[in-house]
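Colleague: Got a minute to walk me through this one? I'd like to start with a single residue and work outwards.

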Amino acid sequence: MITETEKFVSDIFVTLDVTKENLQELYQDVGNELAKKNMVESDYGKQLQQREEKFPTGLVTKFGNVAIPHTDAKYVKEPFVYAIRLTDDVITRRMDQPETEIPVNLLFVLGFTKGEDQLVLLTKMMQALNNERISKQFQQVDSPERFKEVLKEQL
Amino acid sequence: MKALKILSVCGSGTVTSSMVANKVKDMLKERGYSSTTVESNPNGVENNLDAGGFDLIVFTSPLKKKDYGIPVINAIALITGMGEEEFEEELDAFVANL
């Protein structure tokens with residue numbers, strides 16, 4: 001059955017309460033895992049990391065800081081969202097003011113492919129993050145399965 | 001009245017800038033102006049501007065600091081939802097100067 005979600009993302013991945021010293025390591029892990037699942041090209045992790053260095057994606061929202069790392073569609077085979085909640089904050093930089101460092105513990109790696117649907121994915125993702133109840137759930141739910149359900153309902 | 005021409009800039013020049021471009025287009029429409037938008041990454045700004053006729057630049061990833069001869073507004077509020085009123089005030093100031 002085709003659900004609404006499957007129009008915008010092929011799959012949603014969630015990793016909760018991991019500890020990372022820095023984001024480079026995290027992007028490499030995400031890239032490796034997704035490449036194994038044939039969702040991205042083999043060098044996706046490296047591309048994501050390089051892209052974040054040049055154009056960071058930290059956002060300050062009403063309900064907390066988040067990052068939405070993403071890179072060129074040419075490295076993405078299937079559209080996805082990969083959510084990560086870290087045990088401790090790591091430092092990233094603001095998208096609109098890269099000279100400003102911000103702590104984040106919540107990241108949504110957005111696997112954009114080409115096409116109009118990707119705009120809908122970003123719009124829905126930001127609507128979810130601007131919803132106080134949903135934002136709280138992203139911080140509080142205690143299982144990846146539940147987190148995925150909450151996210152899927154929003155996309 | 002001619003349509004306003006807006007350059008919308010983000011890191012990739014695709015998704016985030018498209019979301020901003022659509023919102024700015026709607027906001028200008030509410031103010032009685034039609035507009036067309038072009039999306040770009042920061043490196044493509046000068047090339048795009050060379051095509052001419054642009055009235056405004058909005059961005060979510062910063063551009064090189066220089067005088068582009070047209071107003072430049074930070075539009076991150078249209079992504080994060082934080083500071084949307086301030087953005088609309090800046091847009092009002094731009095419209096008032098047309």
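Modeller: Sure. Bear in mind that this is a predicted model. Let's begin in chain B, where Phe59(B) stands opposite Asn74(B) in strand 4.

Colleague: Which strand does strand 4 of chain B pair with there, and in what sense?

Modeller: With strand 3 of chain B, residues 56–59, in the parallel sense over three bridges.

Colleague: And what order do the strands of that sheet come in?

Modeller: The order is 2-1-3-4, four strands in an open sheet with parallel pairing. Strand 2 (35–40) and strand 4 (72–74) of chain B each have a single partner strand, so they stand at the edges with one side lacking a neighbour in the sheet. On average, neighbouring strands are turned by 25 degrees against each other, direction ignored.

Colleague: Which helix packs on the sheet?

Modeller: Helix 1 of chain B, residues 15–30, which touches strand 1 (4–9), strand 2 and strand 3 of chain B. The helix direction makes about 165 degrees with that of strand 2 of chain B.

Colleague: Switching to the other chain: what does helix 4 of chain A do with helix 1 of chain B?

Modeller: Helix 4 of chain A (residues 117–129) packs against helix 1 of chain B at an angle of about 80 degrees, their axes 9 Å apart. The two helices are therefore roughly perpendicular.

Colleague: Which residues meet there?

Modeller: From helix 4 of chain A, Gln118(A), Leu119(A), Leu122(A) and Thr123(A); from helix 1 of chain B, Val15(B), Thr16(B), Ser18(B) and Met19(B). By class, that contact has four nonpolar, four polar and no charged residues.

Colleague: How many residues does each chain put into the whole contact?

Modeller: Chain B puts in 15 and chain A puts in 16. On the chain B side, helix 1 gives the most, with four residues. That side divides into six nonpolar, nine polar and no charged residues.

Colleague: New topic, the core. Which residues touch the most other members of the largest nonpolar core?

Modeller: Val66(A), Tyr82(A), Phe108(A), Leu110(A) and Ala75(B), out of 64 residues.

Colleague: What is Leu110(A) in contact with, leaving aside its neighbours within four places in sequence?

Modeller: Ile68(A), His70(A), Val81(A), Leu121(A), Leu122(A) and Met125(A). Leu122(A) is also one of the residues that meet helix 1 of chain B.

Colleague: Last one: how do strand 2 and strand 3 of chain A pair?

Modeller: Antiparallel, over four bridges, with strand 2 at 58–61 and strand 3 at 64–67. They form a hairpin with two residues between them, and Thr61(A) has Gly64(A) as its bridge partner.

Definitions and conventions: Residues are numbered from 1 along each chain as its sequence is written. Chains are lettered from A and ligands numbered from 1 in the order in which they are written. This is a predicted model: local features need pLDDT of at least 70, side-chain atom pairs count only at pLDDT 80 or more; totals for chains, interfaces and linings use all residues. Two strands pair if DSSP finds at least two bridges between them. Axes are lines fitted to C-alpha atoms, for helices over the stretch in contact, and angles run from 0 to 180 degrees between N-to-C directions. Two residues are in contact if their C-beta atoms, placed from the backbone, lie within 7 Å. A nonpolar core is a set of buried Ala, Val, Leu, Ile, Met, Phe, Trp, Tyr and Cys residues joined through C-beta atoms within 7 Å. A residue is buried if 20 or more other C-beta atoms lie within 10 Å of its own, exposed if 12 or fewer, and partly exposed in between; C-beta atoms are placed from the backbone. Angles under 35 degrees count as roughly parallel, over 145 as roughly antiparallel, 65 to 115 as roughly perpendicular and the rest as oblique. Ala, Val, Leu, Ile, Met, Phe, Trp, Tyr, Cys and Pro count as nonpolar, Asp, Glu, Lys and Arg as charged, and the others, Gly among them, as polar.
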